[in-house]
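Let's take a look at how protein and DNA meet in this model. Have the sequence and the 3D view open as you read.

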There are 2 protein chains.
Amino acid sequence: MPPKRTTVRDLRRQNRSTLLSMLFFEGPLSRHELGARTGLSAATVSNVTGELVEDGLVVEAGSVGSDGGRPRVLLRVNPGFGHVIGVDVGETGIKVELFDLGMTQVAAVEHAMSPADPGAVARLIAAGVAEVAAGVPVSSVLGVGVGVPGTVEQGASAIVHARTLGWDGVPLEEMVRAAGVFGVPLHVENGAKTQGQAEMWFGAGRGARHVVVALVGSGVGAAVVTEGSVYRGATSSAGEWGHTTIVYGGRACRCGSSGCLEAYVGADGILARYQEVGAAFGGGDEQSGVDALIRAAGSSEAAARVLEETAGYLGAGIANLVNLFNPERIVLGGWAGLALGERYFEEIVAATRVHSLRHPYEQTSIALGQLGPDAVAVGAATLPVAALLDRAADPRKPSSHADIA
Amino acid sequence: MPPKRTTVRDLRRQNRSTLLSMLFFEGPLSRHELGARTGLSAATVSNVTGELVEDGLVVEAGSVGSDGGRPRVLLRVNPGFGHVIGVDVGETGIKVELFDLGMTQVAAVEHAMSPADPGAVARLIAAGVAEVAAGVPVSSVLGVGVGVPGTVEQGASAIVHARTLGWDGVPLEEMVRAAGVFGVPLHVENGAKTQGQAEMWFGAGRGARHVVVALVGSGVGAAVVTEGSVYRGATSSAGEWGHTTIVYGGRACRCGSSGCLEAYVGADGILARYQEVGAAFGGGDEQSGVDALIRAAGSSEAAARVLEETAGYLGAGIANLVNLFNPERIVLGGWAGLALGERYFEEIVAATRVHSLRHPYEQTSIALGQLGPDAVAVGAATLPVAALLDRAADPRKPSSHADIA
DNA sequence: CAAGTTAGTTCGCGACTTAAAATTAGACTA
DNA sequence: TAGTCTAATTTTAAGTCGCGAACTAACTTG
């Protein structure tokens with residue numbers, strides 16, 4: 001049982017956070033409207049926003065007339081208050097992107113590399129962060145978020161387990177710090193979760209509070225959002241949808257088990273099933289393979305059948321999420337998910353309906369993701385922003401007179 | 001976005017709730033210790049507990065010496081402050097039980113009936129409540145909780161969907177009220193969730209914050225507890241584990257789909273699979289059938305094989321929960337779950353390990369439930385208690401001067 | 001330019017938590 | 001049996017916070 005007191009000061013923090021978050025997500029708003037939407041009194045809104053403006057977190061943004069009265073002054077989060085950095089550690093290289101607080105991309109770099117060696121990855125992240133942050137004052141960087149393929153164990157310091165990369169218990173957070181990123185909040189998170197977060201903030205998940213973002217690519221994963229925030233479970237490795245058993249005793253999966261969803265609807269699984277049907281494939285990477293397969297479906301009976309089966313497996317997998325999580329919306333993303341979804345949306349939805357219980361199914365809508373896999377970096381960059389909105393940037397300067405003592 | 005203000009009054013409610021909950025769960029404690037555990041100052045603890053004592057919610061319970069100083073006065077929740085009622089609507093009848101605030105059973109009645117007719121069930125609930133509450137003052141009943149087999153849609157008034165009972169959109173809450181239970185908080189909830197809640201408060205889930213209670217009986221369900229409270233999803237029908245697909249294209253399930261977990265490990269499914277293997281069964285109900293099957297496993301190769309397969313399916317199903325929810329503990333319950341678990345615990349755990357990812361698996365422990373299926377009623381009775389702890393019983397009498405106006 | 005409107009501020013109040021000082025309530029001592 | 005000690009509570013005084021009411025600011029209208 002963690003100590004759970006509530007002091008009068010938490011009130012202010014909470015209300016600061018509420019107002020700041022509302023300004024961030026609902027665009028420019030007047031104080032009046034803030035009061036109406038949050039339920040806070042005009043007095044409090046005035047008081048708190050005054051503080052936020054004084055702290056530089058919020059700025060005025062013009063005003064709009066209101067028939068016959070004093071015009072409202074619009075407020076919005078100050079995009080120049082600071083910057084955040086998002087890092088996408090992929091299977092072929094890393095991307096580092098710098099955003100201002102308006103989430104406008106300011107700079108970006110990309111380095112190809114094999115991520116087999118964690119040390120090299122950490123050094124490359126540190127180098128990328130330095131490159132990208134070169135143009136802005138150091139103190140302006142509010143935090144760095146890193147999205148990695150694999151499960152992340154959140155603790156005093158984040159530990160990464162990524163079977164596909166051969167990482168087993170890599171203390172990535174410490175390594176990145178050691179490589180030169182210190183004095184700045186560092187958040188390491190599973191890439192599927194950061195991508196899901198991006199869909200929630202800027203994509204198909206906006207406005208909903210209970211969402212499952214299902215991601216299908218080479219790997220298969222999901223980000224589960226409940227009550228508006230990403231579900232993490234006890235050690236934050238929740239949402240490992242890809243290695244959920246969907247065909248007991250079925251195809252072998254690279255995770256060592258059998259019958260996993262990923263073995264059927266992951267890019268690998270799809271192509272392997274196609275080849276087993278007798279259709280040989282030339283070389284090329286997975287992505288072009290899947291694209292070719294989808295194109296072939298127009299003429300090839302075998303290709304069409306494989307894809308229809310895939311839609312069936314995928315629908316059943318989605319149905320499991322519907323039954324277990326009862327979300328109000330399912331967002332299907334990931335490069336393979338989007339490719340399949342565009343061509344076989346009806347089939348996937350139909351399979352979902354068949355395999356889920358009527359009641360939760362009726363409560364859910366299914367949509368395609370709007371962001372594509374590039375979203376991992378933006379999503380990672382939202383992590384420090386979320387922390388900022390949550391803490392609402394510590395009220396007042398940190399201990400200004402402590403120096404004297 | 002729901003209005004989200006925080007007023008200074010919420011503080012007091014929050015702290016009342018924290019202190020009352022701590023007294024409820026952690027037995028008698030002194031004010032001093034309350035302060036230490038909650039982080040609240042001694043002054044606040046004294047102030048708030050004074051109010052709680054005055055309101056009759058808390059009473060002193062002796063004192064213990066403290067080497068050489070003023071002895072601490074122990075405080076505990078007043079068991080006599082009020083009573084709560086739990087109702088278990090089962091497939092063969094209903095049970096109604098009355099508890100005091102110490103959760104000691106004070107009275108209980110049981111009525112056999114077929115629950116096919118919702119109206120009759122509602123009337124029987126009302127009658128049972130009246131019977132059981134006959135011995136205590138009306139105003140002493142703090143609330144009634146009802147556990148039903150089927151999904152419950154929480155809204156202005158609870159609606160029940162229970163395919164096995166033939167209920168489709170039954171407004172049970174309204175019906176029970178119409179049948180005579182009014183003026184008292186009424187909570188209707190899925191029986192699996194109430195049973196899970198009981199395991200959390202009094203059984204194998206105590207002390208953990210992320211738990212999945214897996215229940216296997218005639219039906220198969222789960223109660224997912226995250227951050228200490230039952231996960232409900234968007235419309236509170238989350239946790240429908242039983243109709244999750246585990247063998248794509250497999251056995252037909254009574255839900256209309258195929259390959260559901262319930263079709264393999266539900267009592268029905270187990271017995272049906274045994275019969276298909278050629279072993280004929282006499283009559284008898286499911287429970288004695290499963291018991292007989294387990295006894296037969298000692299001598300019959302076929303019976304043993306069916307049960308081992310069952311353990312495999314069940315382990316895979318549990319592994320899916322491990323992968324998706326990343327709980328710190330799994331509690332296996334339900335009458336069939338307990339029967340299987342006692343005899344085949346090793347096999348179930350082994351299958352779980354095989355089908356789950358190593359990392360989340362290592363974070364989880366698997367335990368048998370401690371309460372048995374009788375727990376549905378106690379669990380239902382915890383619902384009004386939870387509401388009480390949460391609101392901390394409205395500070396001060398409800399609008400004492402509103403009468404005058 | 002006066003009247004009418006709507007937005008935002010200021011002021012004083014009541015409710016809260018807290019730190020510090022004061023007050024118990026036994027145990028121990030001489 | 002009065003005096004001394006120690007540790008648990010209760011009081012007291014101070015500082016925060018959000019709220020409602022009264023007040024001020026900034027336009028539009030006729």
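A polar contact here is a pair of N or O atoms within 3.5 Å. One such pair joins a backbone N or O atom of A:Arg70 to a base nitrogen of DNA strand D, at 3.2 Å. Keep in mind that this is a predicted model.

Let's stay with strand D. How many residues surround DNA strand D? There are 29, and the closest are A:Arg12, A:Thr44, B:Ser46, B:Gly68 and B:Val73. Looking at the DNA side, 76% of the atoms of strand D within 4 Å of the protein belong to sugar or phosphate, with the rest in bases.

Phosphate oxygens of strand D have polar partners too. A polar side-chain atom of A:Asn15 sits 2.9 Å from one phosphate oxygen, while B:His32 uses a backbone N or O atom, 2.8 Å from a phosphate oxygen. In chain A, the elements giving two or more residues to the surface near strand D are helix H1 (8-25), helix H3 (42-54) and strand E3 (69-77); in chain B they are helix H2 (31-38), helix H3 (42-54) and strand E3 (69-77). Which element gives the largest share of that surface? E3(B) does, with 5 residues. Sorted by class, the surface near strand D has 9 nonpolar, 13 polar and 7 charged residues.

Now for strand C. It is surrounded by 27 residues, and the closest are A:His32, A:Ser46, A:Gly68, B:Arg12 and B:Thr44. Of the strand C atoms within 4 Å of the protein, 69% are in sugar or phosphate and the rest are in bases.

Here are some side-chain contacts to phosphate oxygens of strand C:

| Residue | Partner | Distance |
|---|---|---|
| B:Arg12, side-chain N or O atom | phosphate oxygen of DNA strand C | 2.7 Å |
| B:Ser41, polar side-chain atom | phosphate oxygen of DNA strand C | 2.9 Å |
| B:Thr44, polar side-chain atom | phosphate oxygen of DNA strand C | 2.8 Å |

The elements that give two or more residues to the surface near strand C are helix H2 (31-38), H3 and E3 from chain A, plus helix H1 (8-25), H3 and E3 from chain B. On this strand, E3(A) supplies the largest share, 5 residues. By class, the surface near strand C comes out at 9 nonpolar, 12 polar and 6 charged residues.

Conventions. Residues numbered from 1 in each chain as written. Chains lettered and ligands numbered in written order. Predicted model: local features only at pLDDT ≥ 70, side-chain atom pairs only at ≥ 80, totals over all residues. Heavy atoms only, no water. Near = heavy atom within 4 Å. Polar contact = N/O pair within 3.5 Å; in protein donor to acceptor, adjacent residues only side chain to side chain. Helix = DSSP H or I, 4+ residues; strand = E, 2+ residues; numbered from the N terminus. Nonpolar A, V, L, I, M, F, W, Y, C, P; charged D, E, K, R; others polar.
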